[in-house]
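Trainee: I should like to request a close look at one part of this model, namely a sheet, its pairing and its surroundings. Please set out the details in a connected account.

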Amino acid sequence: MQKTIESFFWQQGMHHELIGFPRDKETFLKEMARGLKKEPSSVRMELTYLEPKSFPTQPRSVVVLDAGGTNLRVAKGIAKADGVDLSDLTRCPMPGSLSPVDKQGLLNQLADMVEPLVEEGSNCGFCFSYEATIQENGDALVGGMGKGVVVTGIENTMLAKELNEILLQRGKPAMNTMVLNDTTATLMGALAQENESDYDGFIGFILGTGTNCAYIEDAKKVEKYPNFKGERMIINAEAGAFKGFIHGSADVRLVHEVSSKRSFNYEKMTAGAFFGPLAGHLFDIAVEEGILKTAEPHSHLELTTKELNEFMQNPYKKGKISDLLPDDHERDVAAKVFDMLLRRSGKCVALVLSSVMEQGDMGKTPERPACIAAEGSTYWKFPAYRRWIEHYLKEFAKEMGRSYVIKECNDTNLLGAALAAVSI
């Protein structure tokens, strides 16, 4: 049976051996280099204009904002040499998540929440988990929302500038604001909680609904922005858009379903928003090719990553996938098919992390490993997936002569935003 499944994956162009190390690592590194030069690249290497810094020796008060996919959070932070204390934390559902709002509604809600905390000369760190281009002055030009959040007219908004205009209209002082995305905040949050001298480099790694990496780059290598005054800059790789991995039949079906541009990329092969649907298409093909037999005539399995995770934890428990299959033998076959897909995706993730580790020249000795700060439910709550990521990452790091640790850090968006605020 395993040989039949192996042959099926080769025939469908979905086999994990089609993902090559070091070949695909070198391709990813070339794309990173192009992105740093502002040459055409699927890995855009977005500038954050942030240099990693320690907390100040004297306490400083900051305002922190976190606009996430579910909640909008605001807090006061006291940044000190040993970290940050958060207080006056308030939260509400993210405007636009329960029902559509317009741009003014979002900005007014932001102003309502920060207004009690704003003082003359306040610094604000604003974690904005949506499409935006960070500006040299720390502001962000919004490209759109997504993630189920609907805010009409938000495109091309200069976020901090327009929020400050509302505060000034209300008789409050403007804030000095540094906007950062959630991947950058994950890295900054790890810096806020860990002793930087214990590690040889940091990676902020997201694998949830989407996927991305941020890391610390030598400013001399950032050729597209030679005027940066610091020695190091955090780079938001926007790794999910990488197009260098070979794709197969199930990838083609998924892309035809979700993308009008028919655009293949790494995120569609790995991230939580796409992995369940991808597995559903692979299930359909396995039925069509006689690898799997269903209890009833089958057309298409609409599957979420959560449902797949539940099946992989117990293939014999009643559920969407299990109920389609006539017996435990077919459930075993389905589990092996899905595990092969997880293996391919885990290898892709490990390859990207290995590439970022090499680009940042991290983890050169076991005594000072690279710190990979990992966030996202697809990574932490999907054990069958995580084991393949960690399997390949261990293998690749050994071949590269590099060391790393994976850390689960808490409240990285708020803590990272606080550290960004004191970096202004």
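Mentor: In this predicted model, alanine 370 stands opposite tyrosine 404, a residue of strand 15. The two strands concerned are strand 14, covering residues 370–375, and strand 15, which pair in the parallel sense over four bridges. Strands of a sheet pair through backbone hydrogen bonds, in either a parallel or an antiparallel sense. Strands 14 and 15 belong to an open sheet of six strands, whose order is 1-13-12-11-14-15 and whose pairing is mixed. The edges are taken by strand 1 (46–47) and strand 15 (404–407); each has a single partner strand, so one side of each is left without a neighbour in the sheet.

A helix accompanies this sheet. Helix 5 (residues 182–193) lies across strand 11 (202–207), strand 12, strand 13 (232–236) and strand 14. Its direction runs at about 135° to that of strand 11.

Strand 12 leads on to a pocket. Strand 12, residues 211–218, gives the most to the lining of the second largest pocket, contributing three residues. About 290 Å³ of space lies in this pocket. It is lined by 17 residues, and those closest to its centre are Asp200, Gly201, Ile216, Arg232 and Gly360. By character, the lining divides into ten charged, four nonpolar and three polar residues.

For context, there is also an open sheet of five strands, with the order 4-3-2-6-10 and mixed pairing. Strand 4 (83–93) and strand 10 (176–180) stand at its edges, and each has a single partner strand, so one side of each is left without a neighbour in the sheet. From one strand to the next, the twist averages 20°. Strand 6 (residues 123–128) pairs with strand 10 in the parallel sense over five bridges, and glycine 125 has methionine 178 of strand 10 as its bridge partner. Helix 3 (residues 103–114) packs on this sheet and touches strand 2 (60–67), strand 3 (71–80), strand 4 and strand 6. The direction of helix 3 makes about 35° with that of strand 3.

One further residue merits attention. Alanine 250 is found in helix 6, residues 249–258, and it counts as buried because its relative accessibility is 0%, where buried means under 20%. Beyond its neighbours within four places in sequence, alanine 250 is in contact with Met14, Leu278, His281, Leu282 and Ile285. Alanine 250 and isoleucine 285 are 35 residues apart in sequence, with their C-alpha atoms 7.5 Å apart in space.

Technical notes: Residues are numbered from 1 along each chain as its sequence is written. This is a predicted model: local features need pLDDT of at least 70, side-chain atom pairs count only at pLDDT 80 or more; totals for chains, interfaces and linings use all residues. Side-chain values use heavy atoms; hydrogens and water are left out. On a 1 Å grid over the protein atoms alone, a cavity is a set of points where a 1.4 Å probe fits but cannot get out, and a pocket is an open set with protein on both sides within 12 Å along at least five of seven lines; lining residues have an atom within 4 Å of a point. Grid points are joined across faces, edges and corners, and a volume is the space filled by probe spheres set on the points. Ala, Val, Leu, Ile, Met, Phe, Trp, Tyr, Cys and Pro count as nonpolar, Asp, Glu, Lys and Arg as charged, and the others, Gly among them, as polar. Two strands pair if DSSP finds at least two bridges between them. Contact means heavy atoms within 4.5 Å. Axes are lines fitted to C-alpha atoms, for helices over the stretch in contact, and angles run from 0 to 180 degrees between N-to-C directions. Buried means under 20% relative accessible area, exposed over 50%, partly exposed in between (1.4 Å probe, protein chains only).
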